[in-house]
Amino acid sequence: MTNMNTSRDFPKITTHVLQEMKLKGEKIAMLTGYDYSMARLLDEAGIDVILVGDSASNVMAGNVTTLPITLDQMIYHASSVMRAVKRALVVVDLPFGSYQGNSKEALHSAIRIMKESGANAVKLEGGKEIAESIDRILSAGIPVLGHLGLTPQSINKFGTYVVRAKDKKEADKLRDDAKFLEEAGCFGIVLEKIPAKLAAEVTQSVKIPTIGIGAGHNVDGQVLVLHDMLGINQEFSPRFLRRYHNLHDEIINAFLSYIHDVKSVEFPSDKEQY
Ligand code: KIV
């Protein structure tokens, strides 16, 4: 008999639940999260996966790229998220420089994340070129999410954030890398900013879930950066981004009201004092 449970029926989302979701055709909803308060809201809303992305480097720390964020800083963000989450699967990015050097260093970084934050899995950018690192991390029993297409940690190699894998050579490499990640034992693959047709083809060709960002709808799930989808960050407007709120204006209006009330001594009122 087919199990008709949806992800909402599971008390805790695991990598196995994500696999079942793919088999049943239920889409996986993933968003980034970096702090306790937002992670509580994400978990309460029933998000399936929270990615403690190295995009924290941009949206939390104000850096231009993801490169400066450190392993200690990622562990800080991941620990804050873990204190809030009861149900979502929490995946943490291995930051730039913490796994590319050699596979021992990669394992050491992944173990630190798992031990010190209590997170459920790690994400690494790249395919066959980081095969040894992926293998070692998986051998230690740490679930790995792959990441192909636009890989922001390689921005200095790419030179731009344009759509990846439009030409045959790069598309073929991406197809190969996706197969490699599946065979290596990764539990899923993020596909960032690639043609929708290629993402659909890769999704069909692998048994593990694919999570798209700028990769069309024929993938197994979607991920967006929290600050972008909430409209806190107004400067970043790629075509793939849907803004679900205009928090920028709402927050500015709240600040303006507060400033006005303080200056005009309308706050605090008699009722708001002891
Ligand atoms: O760091 C991040 O937020 C990411 C997503 C964009 C997939 O890797």
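Here's a quick tour of a ligand site, two helices with their surroundings, a nonpolar surface patch and some unusual backbone geometry. Keep in mind that this is a predicted model. The protein buries 95% of the 260 Å² that the ligand exposes when taken alone. On the outside, a nonpolar patch covers about 730 Å².

**Ligand site**

- The residues around the ligand include Thr32, Leu51, Gly53, Asp54, Ser55 and Asp93.
- Also on that list are Lys123, His147, Val190, Glu192, Ile213 and Val225.
- Ser55 has a polar side-chain atom sitting 2.5 Å from a ligand oxygen.
- For Lys123, a polar side-chain atom is 2.9 Å from an oxygen atom of the ligand.
- Asp93 also brings a polar side-chain atom to a ligand oxygen, at 3.1 Å.
- As for how much of the ligand gets covered, the protein buries 95% of its 260 Å².

**Helix α9 and Thr203**

- Helix α9 runs over residues 196–205, and Thr203 is part of it.
- The buried residues of this helix are Leu198, Ala199, Ala200, Val202 and Thr203.
- Cover for those buried residues of α9 comes from elements including α1 (15–24), α8 (168–184), β6 (188–192) and β7 (210–213).
- Thr203 has a relative accessible area of 9%, so it counts as buried, the cut-off being under 20%.
- Its side chain still has a polar partner: Thr203 makes a polar contact with the side chain of Thr210 at 2.7 Å.
- Setting aside neighbours within four places in sequence, Thr203 is in contact with Lys22, Leu191, Thr210, Asn218, Val219 and Asp220.

**Helix α1 and Leu18**

- Leu18 belongs to helix α1, and it is buried with a relative accessible area of 3%.
- Beyond neighbours within four places in sequence, Leu18 is in contact with Ile13, Ile28, Val49, Leu89, Phe187 and Pro209.
- One of those contacts, Phe187, is 169 residues away along the chain, yet the two C-alpha atoms are separated by 8.3 Å.

**Helix α11 and the nonpolar patch**

- Which residues make the nonpolar surface patch of about 730 Å²? They are Ile251, Ile252, Phe255, Leu256, Tyr258, Ile259, Val262 and Phe267.
- Ile251 lies in helix α11, which spans residues 247–263.
- Ile251 counts as partly exposed because its relative accessibility is 32%, and that class runs between 20% and 50%.
- As background, an α-helix has 3.6 residues a turn, so residues three or four places apart point the same way.

**Backbone oddities**

- Most residues other than glycine have a negative phi, and most peptide bonds are trans.
- Ala165 has a positive phi of about 55 degrees although it isn't a glycine.
- That alanine, Ala165, is found in the loop between α7 (155–158) and α8, and it is buried, with 3% relative accessible area.
- Val265 is another residue other than glycine with a positive phi, near 55 degrees.
- Is Val265 buried or exposed? Val265 is exposed, at 65% relative accessible area, and it lies in the segment after α11.
- The peptide bond from Phe267 to Pro268 is cis, with omega near -5 degrees.
- Pro268 is found in the segment after α11, while Phe267 is one of the residues making the nonpolar patch.

How values were computed
Residues are numbered from 1 along each chain as its sequence is written. This is a predicted model: local features need pLDDT of at least 70, side-chain atom pairs count only at pLDDT 80 or more; totals for chains, interfaces and linings use all residues. Side-chain values use heavy atoms; hydrogens and water are left out. Helices (H or I, at least four residues) and strands (E, at least two) are DSSP runs, numbered from the N terminus. Buried means under 20% relative accessible area, exposed over 50%, partly exposed in between (1.4 Å probe, protein chains only). A polar contact is a pair of N or O atoms within 3.5 Å; within protein, one must be able to donate a hydrogen and the other to accept it, and residues adjacent in sequence count only if both atoms are side-chain atoms. Contact means heavy atoms within 4.5 Å. Patches are made of residues with over 30% relative accessible area and no salt bridge: like charges are joined within 9 Å, nonpolar side chains (Val, Leu, Ile, Met, Phe, Trp, Tyr) within 5 Å. Accessible areas come from the Shrake-Rupley method with a 1.4 Å probe; for residues, only the protein chains shown count as cover. A salt bridge is a side-chain nitrogen of Lys or Arg within 4 Å of a carboxyl oxygen of Asp or Glu. A residue is near a molecule or strand if one of its heavy atoms lies within 4 Å of it.
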